[in-house]
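Trainee: I am new to this structure and should like to learn how to read its features. May we go through them one at a time?

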Amino acid sequence: DAPNKRLPAYWSVGQFYALLAEGATRMDTFYISFGVEVFGISEPRAREFGDEIRKVRPFFPLLAQTRRPDGRIAFINPWCEWVMNPAPHRLPPNHEGYGYYRQYGAPFDGQWPHENRRMLAYELFHRAMRDVDQVDEQLFCEQNIHRDVVVVTDCRFLMQRTMDRLTAFVERGGVLVLDCQPSRNESGEETQFVAHLTAAGADEAVAVAPGMCCRRYRHGEGAVLQFSCSLQEAYGDALESGRRGLTPRLEQGLAKLLRRTGAAPRWRVSRGDFDAAPRLAPGVCLVPVANLGDGPATATVTLTELPFVPAVAADLTDGAFLELRRADAEVSFEVSLDRYRGSLMALWPDHPQHCDVQVDPVLVAAGQPLRARIALSGSDGPARGCFVVELSVTDPAGFAHKPLGGPIVVRDGVVAIDRVLPINALLGTWTIVVSDALFGLQASAGFEVA
């Protein structure tokens, strides 16, 4: 499938969960356009994807409610650099179309698509901090900056508007990380952007790893961290060397440096080859977890600053409940995954213990609305949180009408539904059934169609 010896033999199902962790919301678009056209997934791999997606499909309504919080670190993709100083696009001889090609003899950070993006530098920050987003330079200029740290790597050109916003960001107390000297704007004019931010001189120099140091410059209420060499090249060299101790040393050194600036991640993973991130909505926290390593492993996922205190957690992929460990404001759980596999975890503030459904009125005419009330209750009243139940409506002949049923999102224990019966609905007693397979709950009620 993907002829690249640095990657798995195929686009693994773990990538599905990794993309959910990165905040993807349109998996169908990715799967069709990238999975089939670009990466050339074979039929066995496509079936494998389908089998994996079916496991969590009942919880897609919950997935649609959640969003990954913006990272506390913004990793800028410098659009201006791509325009003003584009990297050469190298492909192997006799290639056909586009794909993930391995170019033997070229360094790993020179492979497509790394050559046009600072992917290895991003991976370094991702492993060191986790709480990080990639942000296009143009989008960065259009949005308010709600970040603690902004990272700009390997570029000579930035838009003038970006430089102005970064200067104001540092003066207000933000931290800017540089491993380059972006001194020219989109017109190619020389600027004093970096010189202005570092005019006061370095007040501290920290050794991050052998051959790499970082100088800190105070500016306004914030700071600038200037690395002595390219993070992209340093991390790429560490990976190419094959020495397993180099990459953890870089990751740990960067993590320690970022913590000293006051940047604290809201989620952590104990293994670098595991990917995980929370997706939040009122009353639920979903945590996609992926093992992107080449062997089975166990990792601990730690979450902080959740909007509620979790009372119950479950693995939605296999239906097993998780053991939560709490310490101060943190909650953690362990995940064991085979290589290139993933799981979708869910945490709720309450544990539903009883389900009820009531139809009012119980006499409904064909073609008229069917109104029902579904209730989930916990130990001390309505179940707090956001849950999914399955609704089924069956006619007197035992036929289940799928347009009338399906998954229903229940918020804080109560939801009202309104469905229109077919104009040719069979006369007699119909049955409405509500079930929650995860918590083992079920309720039913009858109504008459006349």
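Mentor: Let us begin with a definition: two strands pair if DSSP finds at least two bridges between them. Please keep in mind that this is a predicted model.

Trainee: In which sense do strands β4 and β7 pair, and over how many bridges?

Mentor: Strand β4, residues 175-178, and strand β7, residues 222-227, pair in the parallel sense, over 4 bridges. Within this pair, V175 stands opposite A223 in β7.

Trainee: What is the order of the strands in the sheet?

Mentor: The open sheet is formed by 7 strands in the order β2-β1-β3-β4-β7-β6-β5, with mixed pairing. Its edge strands are β2 (132-136) and β5 (202-209), each of which pairs on one side only. On average, and with direction ignored, neighbouring strands of this sheet are turned by 25° against each other.

Trainee: Which strands does helix α11 touch?

Mentor: Helix α11, residues 246-260, packs on the sheet and touches β1 (73-77), β5, β6 (212-219) and β7. The direction of α11 makes about 155° with that of β5.

Trainee: Why are helices α6 and α10 described as roughly perpendicular to each other?

Mentor: Angles of 65 to 115 degrees count as roughly perpendicular. Helix α6 (residues 119-129) and helix α10 (residues 231-241) pack at an angle of about 80°, their axes lying 7 Å apart; the two are therefore roughly perpendicular to each other. On the α6 side, M119, L120, A121, E123, L124, F125 and R127 take part, meeting L231, Q232, Y235, G236 and L239 in α10. By class, this contact has 8 nonpolar, 2 polar and 2 charged residues.

Trainee: How is empty space found, and how many cavities of 30 Å³ or more does the whole structure hold?

Mentor: Rolling a probe the size of a water molecule over the atoms shows where empty space is left. In this case, a search of the whole structure finds 3 cavities of 30 Å³ or more. The largest cavity has a volume of about 80 Å³, and its lining consists of E204, V206, C214, R215, R216, L225, L257, R260 and T261. Elements β5, β6 and α11 each give two or more residues to that lining, and the largest share, 3 residues, comes from β6.

Trainee: How do the linings of the largest and second largest cavities divide by class?

Mentor: The lining of the largest cavity divides into 4 nonpolar, 1 polar and 4 charged residues. The second largest cavity, with about 40 Å³ of space, is lined by F59, L62, W348, F387, V388, D436, L438 and F439. That lining divides into 7 nonpolar, no polar and 1 charged.

Methods: Residues numbered from 1 in each chain as written. Predicted model: local features only at pLDDT ≥ 70, side-chain atom pairs only at ≥ 80, totals over all residues. Heavy atoms only, no water. Axes fitted to C-alpha atoms, helices over the stretch in contact; angles between N-to-C directions. Parallel < 35°, antiparallel > 145°, perpendicular 65-115°, else oblique. Contact = heavy atoms within 4.5 Å. Nonpolar A, V, L, I, M, F, W, Y, C, P; charged D, E, K, R; others polar. 1 Å grid on protein atoms, 1.4 Å probe; cavity = no way out; pocket = protein on both sides within 12 Å on 5 of 7 lines; lining within 4 Å. Points joined across faces, edges and corners; volume = space filled by probe spheres on them.
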